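Trainee: I should like to request a close look at a single part of this model. Please take one helix and describe how it is placed among its neighbours.

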Amino acid sequence: MTTAYAPTWPRDTGRYDSSERLPDIEALFDRTLNQIRHIHEVRQRNPKPFDRLWEQVVKRLKEFGNATAYAHWKQRDIIRNAEEFAELDAKLGEAWASLLEAGSADDAVREAADEAFRKVHKDRAELTAVVKGAIDDALEIAIAYWIEARNAHNNGDPLRALNCLVECHFFLGITYSPKTDYEAKSEAGEKSGKKERDAIAAAALEVMGRIKIDRTLRSPDFLLGKVVQLIEADPVHAKALEDFSQLTAKGRRVQNSPADRFSNTLNGWITDKEQPYPRITALYRYLCSQIEAAAHNKKGTPRKVNG
């Protein structure tokens, strides 16, 4: 189908507006640069001032030579980040298991195990999760393409400049969007319910540390139910469960019980990629391994023969 020109705006804004007039290239560069700066300041993902972030990109761009090489390096860096995150996640579980096994050992052994756990936990907390780093990475790549586009324009190569700006705006589009309702509600929920979630998480961690592997835990599927059951039966944790129940109900009538709601939440914490409570996840995995080991040993035990 054919398309028609839109009315021409009185002033060139540097943006294609479907009118007969094409945007001036200088206005396009200025507008793109302002968008990059705006994204950095509004989202506040990267704590560095914009000038320092720009200087960081310039330094790395000199090292890699061009924006495409910069983008490829960033993509490889994201993959390495994900692999390192997974490795530290596994090490955290191992360190927690060692900490539990050192419970009956002497003070020196327990202190060493605790120090090892805290070190791995600190390393994992400091490693930027891929989902959080994606916007910063895309913004850096957009800056690199903007610089390359500007260089092409200054060297009298308008076609290369426009192609670079296309790539720049592609990565800019990954970062440039107003906060969605989901993001706003998620941030508000994190702030308003943190106290209640931390309290019920501490209760879960405490009762999980008391769990003994026995016949009632026939498989890991029974573990979460056992945790909730122990919390309900402990008067010390009654208020934490009640406060959490009110937080999740939000004043509405709900059919499922507080225990069921917390069980679902606990499952989410354990399976969440960002791991809001890594010590819970580590202890859960350790207990699951103990349950599976007990089940395996039971299957491997020879049956008693009469006579």
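Mentor: A helix axis is here a line fitted to C-alpha atoms over the stretch in contact, and the angle between two axes runs from 0 to 180 degrees between their N-to-C directions. The model is predicted, and the part chosen is helix α8, residues 194-208.

Consider first the helix by itself. α8 has 15 residues and spans 21 Å from its first C-alpha to its last, close to the 21 Å expected at 1.5 Å a residue. Its buried residues are I200, A201, A203, A204, V207 and M208. Viewed down the axis of α8, these buried residues fall within an arc of 155°, so they line one face of the helix. In general, an α-helix has 3.6 residues a turn, so residues three or four places apart point the same way.

The next matter is the pairing with helix α9, residues 223-233. The axes of α8 and α9 come within 9 Å and cross at roughly 105°. Angles of 65 to 115 degrees count as roughly perpendicular, and α8 and α9 are therefore roughly perpendicular to each other. On the α8 side the contact is made by I200, A203, A204, V207 and M208, which meet V227, L230 and I231 of α9. By class, this contact has eight nonpolar residues, with no polar and no charged ones.

Helix α11, residues 258-271, is a further partner: its axis and that of α8 come within 12 Å and cross at roughly 85°. That angle makes α8 roughly perpendicular to α11. Here R197, I200, A201 and A204 in α8 meet F262, L266 and W269 in α11. The residues of this contact divide into six nonpolar, no polar and one charged. Arg belongs to the charged class, and R197 is among the α8 residues of this contact.

The two contacts may now be set side by side. I200 and A204 of α8 meet residues of α9, and I200 and A204 also appear in the contact with α11. Both I200 and A204 are among the buried residues of α8.

One residue of α11 may be added to the picture. D260 lies in helix α11 and, at 42% relative accessibility, counts as partly exposed. The C-alpha atoms of D260 and V228 are separated by 8.3 Å, although the two residues are 32 residues apart along the chain.

Notes
Residues numbered from 1 in each chain as written. Predicted model: local features only at pLDDT ≥ 70, side-chain atom pairs only at ≥ 80, totals over all residues. Heavy atoms only, no water. Helix = DSSP H or I, 4+ residues; strand = E, 2+ residues; numbered from the N terminus. Parallel < 35°, antiparallel > 145°, perpendicular 65-115°, else oblique. Contact = heavy atoms within 4.5 Å. Buried < 20%, exposed > 50% of the residue type's maximum accessible area, 1.4 Å probe, protein only. Expected span 1.5 Å × (residues − 1). Arc of directions from axis to C-beta.
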